[in-house]
Amino acid sequence: MTSPISAIVFDFDGVLADSEPIHLRVYQELLAPVGVTLTKEQYCARYLGFDDEGAFRQMGSDFGLFMGDEEIELLMAAKTERFQKIVSGTNVLYPDANACVQTLGGRWPIGIASGALRHEIELMLKGAGLGTAFRFIVAAGETERTKPAPDPYLRAAMLHGVPAHECVAIEDSRWGLISAREAGMRTIAITHTYPREALAADADVVVDSLREITPELVAGIAESKRPGLQV
């Protein structure tokens with residue numbers, strides 16, 4: 001038995017927005033004064049799937065930093081301020097993001113489920129001219145648990161008003177794919193951040209660019225029998 005695809009949910013950072021290098025840069029700037037050198041490899045392997053609070057808490061544990069709630073709140077506020085200054089008034093979305101959103105949004109209702117802060121997502125969408133393109137945003141702090149727990153995608157399905165198994169999630173990380181699959185969604189993985197081999201086991205389809213995510217590809221996922229289909 002297969003179910004039709006009724007709605008689409010995009011992750012944001014690393015899927016639509018080329019913002020992960022900016023997040024990494026700001027984390028590096030904030031950690032340098034306490035003697036921590038955060039590499040790209042460490043960031044991708046350990047912290048990319050977290051929201052800001054989760055990332056700072058995990059970094060504190062990994063690097064032996066003694067940070068209480070107040071210190072973490074100050075770091076989060078500083079990161080938000082620096083990040084906004086960098087992206088304000090600029091288009092940081094991938095070159096094919098607008099076309100992909102417009103094409104898929106013309107066929108299905110679309111939403112966002114992300115670990116990023118709502119005002120950061122809205123700022124980047126506005127800079128790209130997509131401020132009103134999405135039905136909803138599920139952002140950091142708006143569900144009890146974050147990815148890889150299924151909560152963000154379960155809320156997205158609820159906001160779409162359709163069963164989760166009729167939704168397709170588009171993700172760039174294994175944490176996000178696990179979240180979507182645990183919620184019951186079909187999944188498309190995009191290799192913006194990680195190679196195919198790191199994503200294929202948790203995805204119904206793996207693509208290399210947003211150009212490949214066509215209505216025909218999305219509709220065909222309803223017929224796929226196993227994860228890891230390569231296109």
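**Aromatic pairs, helix α2 and the largest cavity**

Tyr194 is buried, with a relative accessible area of 15%. I begin with that residue, and I should say at once that the model under discussion is a predicted one.

Tyr194 has an aromatic partner. The ring centres of Trp175 and Tyr194 are 6.0 Å apart and the planes stand at 65°, so this pair is edge-to-face. Trp175 belongs to helix α8, whereas Tyr194 sits in the loop between β5 (186-190) and α9 (196-199); the pair thus links distant parts of the chain, 19 residues apart. Which degree of exposure does Trp175 have? Trp175 is partly exposed, at a relative accessible area of 25%.

How many aromatic pairs does the model contain? The count comes to four. One of them is formed by Tyr27 and Phe56, an edge-to-face arrangement with 5.2 Å from centre to centre and 75° between the planes. Tyr27 is part of helix α1 and Phe56 part of helix α3, so their pairing ties together parts that lie 29 residues apart in sequence. Both Tyr27 and Phe56 are buried. Together with Tyr43, these two residues make up one aromatic cluster. Tyr27 has a further neighbour in Lys79, which lies over the face of its ring at 4.9 Å from the ring centre.

Tyr43 brings us to helix α2, which spans residues 40-47. Buried in this helix are Tyr43, Cys44 and Tyr47. Why do these buried residues line one face of α2? Seen down the helix axis, they fall within an arc of 125°, so they share one face. The general background is familiar: an α-helix has 3.6 residues a turn, so residues three or four places apart point the same way. On the other side of α2, Glu41 and Ala45 are exposed. As for the packing partners, the buried residues of α2 pack against α1 (20-31), α3 (52-62) and α8 (174-183).

I turn finally to the enclosed space. The structure holds two cavities of 30 Å³ or more. The largest has a volume of about 240 Å³. Its lining comprises 25 residues, of which Asp13, Glu20, Leu48, Phe50 and Gly115 are the closest to the centre. Which helix gives the most to this lining? That is α1, with three residues. Helices α1, α2 and α8 each supply at least two residues of the lining.

To close, α1 and α8 recur in this account: the buried residues of α2 pack against both, and both contribute to the lining of the largest cavity.

Definitions and conventions: Residues are numbered from 1 along each chain as its sequence is written. This is a predicted model: local features need pLDDT of at least 70, side-chain atom pairs count only at pLDDT 80 or more; totals for chains, interfaces and linings use all residues. Side-chain values use heavy atoms; hydrogens and water are left out. Buried means under 20% relative accessible area, exposed over 50%, partly exposed in between (1.4 Å probe, protein chains only). Helices (H or I, at least four residues) and strands (E, at least two) are DSSP runs, numbered from the N terminus. The arc is that of the directions from the helix axis to the C-beta atoms. Contact means heavy atoms within 4.5 Å. Rings of Phe, Tyr and Trp (its six-membered ring) pair if their centres lie within 6.5 Å; planes under 30 degrees apart count as stacked, over 60 as edge-to-face and the rest as tilted. A charge sits over a ring if NZ of Lys or CZ of Arg is within 6 Å of the ring centre and within 35 degrees of the ring normal. On a 1 Å grid over the protein atoms alone, a cavity is a set of points where a 1.4 Å probe fits but cannot get out, and a pocket is an open set with protein on both sides within 12 Å along at least five of seven lines; lining residues have an atom within 4 Å of a point. Grid points are joined across faces, edges and corners, and a volume is the space filled by probe spheres set on the points.
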